[in-house]
Structures are given as structure tokens and as C-alpha cells.
Amino acid sequence: MLLHAHLLPEVLTSGCMRVVITDLDGTLLDHGTYAYQAALPALGELERAGIPVVFCTSKTRAETAMWKQLIGNRHPFIVENGGAICVPVGYFADSIPTAVRAEEFDILKLGTGYSELTEVLATASKQSRCRVRGFASMRPEEVASACGMSVEQAALAQMREYDEPFLVLDVHRTEQLLAAISEQGLSWTKGGRFFHILGNNDKGFAARTLLDLYRIAAGQVESLGLGDGLNDAPLLNIVDVPILIPSPALTELQLAVTGGRPAPFGGPVGWNAAILNYLAQARYEAPR
Ligand SMILES: [Mg+2]
């Protein structure tokens, strides 16, 4: 049922399709430099095997589209910590109910609107007497320096729809702030650089929804997930093979993820090694 002919050989030869779902920052992209070149050998192998690589990130749609173009990825992607799933038009043979078409994508919106997020963050900050600095109040130059990216990339990062990243200024009152967010019915999570306020959505629910679309199209699917932050735990907990990319959050992540396998190195070097190792094993093992 899949339209993409390049996906079919993998389905036909193994009887089970495989899908890789990966975080970007600190995982496929180096935390400091955003370089991904160390992962090119594994990306090439996945391409040859017809295994789709799905980006699942806290980045915005505009930012992720830029990285997809740079890396040469044409598969669906998940943005803003599970806020939306973007599927290239015509990728799946069946149309996706409730998806909204924008440019060349069918978008499945799962998150809470941005204005509600920023309002609740302001209220929670006031209630908890904990000052914060969110993306909405930062100039592109400030985001660029906080994230180590260009001002142009920072402008794309600020085109937010379902997730507001913020810094906590009064660190000793973090707990009170996060409790105030929860009391107002919204969620929070923590990425490599920022806390995030978001609705009742996460990377795991979005990934599960997208995997269901692959299953409708291709039958049995084995999923592999890679991530380095606490915000990746929901994703890593719903995939068949969870790979933890080492970062300062590794211990915390290991506690949050059942059966997680740490990669041997951090960032794209670890990503490359973990994928090549998985592919070598998959060649000998019958799919589950
Ligand atoms: Mg990350």
C-alpha cells in the first residue's frame, strides 16, 4: 500500500518493515556543533536497506524542514516534542483522517496552541515567583547565542506552534514553577538546553501514531528509537529497540526507559555505531 517504491524491497525480503525514529539535537546532530557527518555511513546503509529515518525533535517545522533538506531526508517527521506529525503529501497511499494540508505536507496536529502555552507559562512564573525567559520574549540573536546557531536558524527555531522552550532564571524555585504548570493542566519536559512547556502531547504518542500509519501501509513494523534527553523517554519507551545516546542526562534517562541500550559514544558518532551494529544484527536475526 505504500507509494514509495524504494520502501518495498525491505518489506518484501524480510516480511517486516523497519523504521528508525530519532531525536536530532545531541543525538543525530552534535550537541555543540550540530554536525551530523559522523552518521553518514549509517544513514547510507539505512537508505540502501530502504529503512525510513523519521526525525522526532523539539525543533519547529521550519527548522526540521531545513535539516531534512540538508541531510537529504524525505520521510515524515515529528516536531515540537510531539506537537505535530508532518507527512509528505502522497507518502502513504491512504489519506490521513483529520490531517490538515500545508504546503507539501499533511499535518496531524496533536499539541496545544502556542498562545495558550505562553500565557500559562507567564501565569505559572508569577504564581511560583520563579522568573523565566521563553523563546517568545527572546530576540533571534539571543536564541542564536543560547543555542550556538546562526541568527537565520534561530529565526526558524522561533516559528513555534506547539511548544515553548524556556530558561529558568531563579533555579532554586524550579520545582514550584513546574508544579504551577502542572496545576494549570499543561505539561513540561526537559531537552538538552531548555525546559519546555507543552500540552498533553509527547514524542511517544506522536511516534506511536505515525508507526500505526506505517503498520496500516506495510503490516508488521519493527521500530528503533534513538534519543539523548529526558524528553525522548516517551519515544524510547514505545519503540521495539530503544537506544540511549550518552549525554549528561544518561543516568536519568536510563531510569526512565525500560530496556534502553546505551550507544558506545555520544552524538552522531554513537548514532552511527549503534545503527551499524543494529543492521549487522538484523541481518542474522529473524524479525520479531
Ligand atoms: Mg536531544
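A residue is termed buried when its relative accessible area is under 20%. By this criterion C56 is buried in the predicted model, because its relative accessible area is 0%. C130 is likewise buried, with a relative accessible area of 0%. Neither residue takes part in a disulfide: the cysteine sulfur nearest to that of C56 belongs to C86, 11 Å away, and for C130 the nearest is that of C147, at 19 Å. Since a disulfide requires two cysteine sulfur atoms within 2.5 Å, these separations exclude a bond for C56 and for C130. The model as a whole contains zero disulfides.

Nine strands form an open sheet with mixed pairing, in the order 5-6-4-3-2-1-11-12-13. The edges are occupied by strand 5 (100-102) and strand 13 (261-262). Each of these two has a single partner strand, so one of its sides is left without a neighbour in the sheet. Within the sheet, strand 4 (residues 84-88) and strand 6 (residues 105-109) run antiparallel and are joined by five bridges. In this pairing A84 stands opposite K109 of strand 6.

Two helices that lie across strands of the sheet are described here. Helix 8 (residues 203-218) lies across strand 1 (17-22), strand 2 (53-56), strand 3 (77-79), strand 4, strand 6 and strand 11 (221-227). The angle between helix 8 and strand 1 is about 160°. Helix 11 (residues 267-284) lies across strand 1, strand 2, strand 11, strand 12 (241-244) and strand 13, and runs at about 160° to strand 11.

Methods: Residues numbered from 1 in each chain as written. Predicted model: local features only at pLDDT ≥ 70, side-chain atom pairs only at ≥ 80, totals over all residues. Heavy atoms only, no water. Buried < 20%, exposed > 50% of the residue type's maximum accessible area, 1.4 Å probe, protein only. Pairing = 2+ DSSP bridges. Helix = DSSP H or I, 4+ residues; strand = E, 2+ residues; numbered from the N terminus. Contact = heavy atoms within 4.5 Å. Axes fitted to C-alpha atoms, helices over the stretch in contact; angles between N-to-C directions.
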